[in-house]
Structure formats: structure tokens, C-alpha cells
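Let's take a walk through this protein together. Have the sequence and the 3D view ready, and follow along as we go.

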Amino acid sequence: MLDSWIFFPINAIVFLMFAGLAIASTLFWLWTLIDCAMNEPSQGNDKLIWVIIIVFTQLLGALVYFFFRRPKRIAQEISMSSEN
């Protein structure tokens with residue numbers, strides 16, 4: 001009986017770490033989905049394709065969008081604004 005109480009704080013800490021990671025990844029996924037839907041230019045089907053990728057691949061799609069597509073989009077926006 002006492003042995004289970006010894007490991008209780010460790011179990012609670014591990015649970016809270018995984019719960020925090022799950023909440024953080026869900027918020028990141030939601031943020032990238034909103035960022036893509038609001039800021040991605042509507043040239044062709046790019047916006048639709050990225051939204052579908054983010055929705056169906058969830059965290060993996062959000063990470064791919066964040067690290068590969070988003071920097072290109074921001075660089076394009078900066079170059080377009082500097083031309084004006």
C-alpha cells in the first residue's frame with residue numbers, strides 16, 4: 001500500500017508532462033492551421049492544399065508547413081513590400 005504512494009509524484013509528473021506536450025502540440029497545430037488559412041496567398045490551389053495537408057497529417061503537417069513553407073511565404077511578403 002505504501003509503495004504505490006512513493007511513486008505517485010513521479011506518475012503525476014510524467015502525466016502532466018505528456019498532457020502539457022499534448023496541449024502545446026494541439027495549440028501549435030491550430031495556430032499553423034489558422035496562419036495558413038489567413039495568410040497564405042490564394043494562387044492556384046496552394047492554400048487549399050496546405051490546409052488539407054495540415055488537417056490530415058496534424059502535427060507532422062504543421063511542422064512541415066512551419067519549417068518549409070512559412071519562411072518562403074514570409075520572404076516573399078518582405079520582398080514584395082520592399083519593392084513598393
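What does the accessible surface of the protein come to, and what percentage of that belongs to carbon and sulfur atoms? The surface adds up to about 6,600 Å², and 75% of that belongs to carbon and sulfur atoms. Keep in mind that you're looking at a predicted model.

Now for the general layout. The protein has four helices and zero strands, so there's a simple pattern to trace along the sequence: α-α-α-α. Of its 84 residues, 15% count as buried. If you take contacts between residues at least 6 apart in sequence, 53% of them join residues at least 24 apart.

Let's start at the end of helix H3, which covers 46-57. Just past that helix sits Gln58, in the loop that leads to H4. Gln58 has a phi near 50°, a positive value in a residue other than glycine. That's worth a second look, because most residues other than glycine have a negative phi. Is Gln58 tucked away or out in the open? Neither quite fits: with a relative accessible area of 48%, Gln58 is partly exposed, because the exposed class begins over 50%.

On either side of that loop, how do H3 and H4 sit against each other? Their axes come within 5 Å and cross at roughly 140°. The two helices are therefore oblique to each other, because an angle has to be over 145 degrees to count as roughly antiparallel. On the H3 side, the contact is made by Trp50, Ile53, Ile54 and Thr57. From H4 come Leu59, Leu60, Gly61, Ala62, Val64, Tyr65 and Arg69.

Stay on H4, which runs over residues 59-83, and look at its surface. A nonpolar patch of about 580 Å² is made there by Leu59, Leu60, Leu63, Val64, Phe67 and Phe68. Leu59, Leu60 and Val64 are also among the residues that H4 brings to the contact with H3. Pick out Phe68 from the patch: this residue is exposed, with a relative accessible area of 57%.

H4 has charged business too. How many salt bridges does the structure hold? There are five. Asp35 forms one of them with Arg70, where the closest N and O atoms are 3.1 Å apart. Asp35 belongs to helix H2 (residues 8-39) and Arg70 to helix H4, so this pair ties together parts that are 35 residues apart in sequence. Asp35 is buried at 8% relative accessible area, and Arg70 counts as buried at 18%.

Asp35 also forms a salt bridge with Arg73, with the closest N and O atoms 3.2 Å apart. Here, too, the link runs from H2 to H4, so parts 38 residues apart in sequence are tied together. Both Asp35 and Arg73 are buried.

Next, find Glu40, which forms a salt bridge with Arg69, the closest N and O atoms being 2.6 Å apart. Glu40 lies in the loop between H2 and H3 while Arg69 is in helix H4, so this pair ties together parts 29 residues apart in sequence. Glu40 and Arg69 are buried. You've already met Arg69 as one of the H4 residues in contact with H3.

Finally, see how these charged residues link up. Salt bridges that share partners join Asp35, Glu40, Arg69, Arg70, Arg73 and Glu77 into one network.

Definitions and conventions
Residues numbered from 1 in each chain as written. Predicted model: local features only at pLDDT ≥ 70, side-chain atom pairs only at ≥ 80, totals over all residues. Heavy atoms only, no water. Patch = residues over 30% accessible without salt bridge, like charges linked within 9 Å, V, L, I, M, F, W, Y side chains within 5 Å. Areas by Shrake-Rupley, 256 points an atom, 1.4 Å probe, with all protein chains shown as cover. Salt bridge = Lys/Arg side-chain N within 4 Å of Asp/Glu carboxyl O. Buried < 20%, exposed > 50% of the residue type's maximum accessible area, 1.4 Å probe, protein only. Contact = heavy atoms within 4.5 Å. Axes fitted to C-alpha atoms, helices over the stretch in contact; angles between N-to-C directions. Parallel < 35°, antiparallel > 145°, perpendicular 65-115°, else oblique.
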